[in-house]
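Trainee: I would like to learn how the labels used for a protein structure are justified. Could we go through some of them one at a time?

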Amino acid sequence: MIPYMKPTPAIPFYIPKLMGQQLLDVVLRRHLDKFSCIVESGTELRSFEQSDEGVTAILAKNDILETVHTKWMIGADGAKGVVRKQLGLTFLGETRDDTHIVIADIRLSGVGLDREHWHRFGSPATRMVSLRPTDEIDEDGWQCLIFGGDLDISKVAESEDLIFEAIASAIPTEITFTKLVWMSEFRANIRMVNKFSEGRVFVAGDAAHVHSPTGGQGLNSGVQDAFNLGWKIALVEKGLAHKSLLETYNEERLPVISEMLELTTSILNARMATGNATAGRGPKLFMLGINCRFSSIVLDEFTPPVEGRPINAYGVLDEGHLEAGDRAPDAPELLHIQPEKLDATTLFSIYRPWYHTIAVFAPSLTDATPILAALEYDKNVVRLAVVLPSTAPAIHVASPADIVLVDQEGHAYTAYLLEATQTKVFVIRPDGVIGAIVHGAEGVKRYFSKIFVNV
């Protein structure tokens with residue numbers, strides 16, 4: 001299904017992880033608990049109104065209505081949700097009847113059905129069953145897909161017995177069914193909004209775009225929506241950024257999602273035409289080449305903008321080229337010399353969702369200090385880091401930087417395409433995107449003049 005890609009220093013997480021919704025739900029709720037954030041299940045948004053000051057929402061729980069006032073609202077309520085519809089955003093596209101599928105979590109066992117492989121039986125032209133083993137359901141649990149030209153999928157979805165019958169008829173071995181845990185009927189909808197916000201209300205994830213599951217881009221795309229928007233809302237709400245920063249959410253995400261729909265639809269068409277589950281797949285699906293080089297708030301002093309340049313927001317990763325707007329690479333085996341720590345660290349461990357990181361790559365602290373001294377920002381939202389080459393002495397020296405690292409193995413300088421003698425400054429946004437690549441302090445200030453007020 002997916003070619004194996006060995007993790008590298010710059011890309012430590014190359015292998016996709018398949019996870020059931022019930023487990024993912026637990027993971028996300030536990031993370032929210034750390035921030036004293038509670039998800040209120042069984043609570044429905046009935047309607048909302050917005051003004052220049054905020055949003056007033058009407059909620060219903062156990063048929064009891066409640067009025068809630070908030071500064072902002074993000075509709076992550078799915079394709080059938082209320083928020084997009086009440087905002088009046090368009091959701092143009094198509095529904096594909098040729099991808100009518102029964103999706104189920106099921107418990108069963110069969111002769112020869114090992115739990116080391118993803119099994120596929122039959123042909124999409126007639127009937128096909130896909131079984132992926134998952135212990136999340138039970139020790140005999142499987143995620144099952146049932147589809148095919150000879151099947152009346154709506155009929156199959158009517159009962160547990162018909163689902164069992166469809167599976168048994170496609171698998172050439174004796175099957176023992178234990179339980180149908182959950183099932184749903186699915187048709188591929190390929191649609192997206194015309195814009196991601198209106199006033200103080202935004203949409204993200206399936207509320208903003210739906211597509212064929214071919215390619216496995218959906219969950220990550222929704223998370224990237226939320227990440228792009230989250231840090232911007234936080235700065236605006238704290239009074240550190242102008243409200244106009246929120247307009248770049250639509251600017252940066254609309255081209256990405258548009259290209260994603262084209263990509264996943266082309267894979268779907270290839271798969272339906274050939275019956276090959278790997279048809280049309282390529283390196284773009286790793287999502288490492290997604291970028292916002294075209295954004296009005298990124299700054300690159302080494303790659304000047306070219307008028308008429310194609311956007312190519314869903315590009316293929318090129319590790320020999322790096323621009324502002326690209327994903328910031330990782331690098332391991334970095335030695336802390338300020339603050340002094342015994343263990344090595346990674347760049348990803350110093351980048352955080354709640355602040356920008358100014359990473360100054362310089363031959364020595366002497367070269368980095370004039371840049372750092374000219375930069376004064378609130379440490380709650382901007383951190384200063386210096387990355388020194390392996391040739392630099394690993395000794396503690398007083399510095400204005402919050403963090404000083406020595407690139408012992410050269411991974412950081414390789415990933416960021418630098419020689420040990422060069423000085424270059426990277427500004428890493430809270431969402432892990434390179435916001436700026438500049439020569440020095442003046443370039444950093446130019447970048448932040450588009451982000452912060454009073455800079």
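The conversation below sets values against definitions, one label at a time.

Mentor: Please keep in mind that this is a predicted model, in which local features need pLDDT of at least 70 and side-chain atom pairs count only at pLDDT 80 or more, while totals for chains, interfaces and linings use all residues. Residues are numbered from 1 along each chain as its sequence is written, and side-chain values use heavy atoms, with hydrogens and water left out.

Trainee: What makes β5 and β9 paired strands?

Mentor: Strands are DSSP runs of E with at least two residues, helices are runs of H or I with at least four, and both are numbered from the N terminus. Two strands pair if DSSP finds at least two bridges between them. Strand β5 (residues 91-110) and strand β9 (residues 175-193) are joined by 16 bridges and run antiparallel, so they satisfy that definition. One of these partnerships sets Ile106 against Leu180 in β9.

Trainee: How do you know that β9 and β12 pair as well?

Mentor: Two bridges join β9 to strand β12 (residues 209-210), and the definition asks for at least two, so the pair qualifies. Here Arg191 stands opposite Val210 in β12.

Trainee: Why are β4 and β10 said to stand at the edges?

Mentor: The open sheet in question has three strands in the order β4-β11-β10, with mixed pairing. Each of β4 (73-75) and β10 (197-198) has a single partner strand, so one side of each is left without a neighbour in the sheet. Between β4 and strand β11 (residues 201-203) the pairing is parallel, over three bridges, and Ile74 stands opposite Phe202 in β11.

Trainee: Why is the contact between Lys71 and Glu237 called a salt bridge?

Mentor: The term requires a side-chain nitrogen of Lys or Arg within 4 Å of a carboxyl oxygen of Asp or Glu. For Lys71 and Glu237 the N to O distance is 3.3 Å, so the pair meets the requirement. These partners come from distant parts of the chain, with Lys71 in the loop between β3 (64-70) and β4 and Glu237 in helix α5 (residues 218-237), 166 residues apart. The structure holds 20 salt bridges.

Trainee: Are Lys71 and Glu237 buried, exposed or partly exposed, and what are their values?

Mentor: Buried means under 20% relative accessible area, exposed means over 50%, and partly exposed lies in between, using a 1.4 Å probe and protein chains only. Lys71 has 42% and Glu237 has 39%, so both are partly exposed.

Trainee: What makes Lys232 and Glu252 a salt bridge, and are these residues buried or exposed?

Mentor: Their closest N and O atoms are 3.0 Å apart, so the distance condition is met. Lys232 lies in helix α5 and Glu252 in helix α6 (residues 247-274), so the pair ties together parts that are 20 residues apart in sequence. Lys232 has a relative accessible area of 0% and Glu252 has 2%, so both count as buried.

Trainee: How do you know that Glu323 and Arg309 form a salt bridge, and how is each one classed?

Mentor: The closest N and O atoms of Glu323 and Arg309 are 2.7 Å apart, so the pair fits the definition. Glu323, at 4% relative accessibility, counts as buried, whereas Arg309, at 38%, counts as partly exposed. Elsewhere, salt bridges that share partners join Lys232, Glu252, Arg429 and Asp431 into one network.

Trainee: Why is strand β18 described as mostly covered?

Mentor: In strand β18 (residues 403-407), five of its five residues are buried. Ile403, Leu405 and Asp407 point one way and Val404 and Val406 the other way, and all are buried. This strand also pairs with β14 in the antiparallel sense over four bridges, with Leu334 opposite Asp407. Strand β17 (residues 382-388) pairs with β18 in the parallel sense, again over four bridges, and Val387 has Leu405 as its bridge partner there.

Trainee: Which residues does Val386 contact, and what does contact mean?

Mentor: Contact means heavy atoms within 4.5 Å. Leaving aside neighbours within four places in sequence, Val386 is in contact with residues including Val360, Leu365, Ile403 and Leu405.
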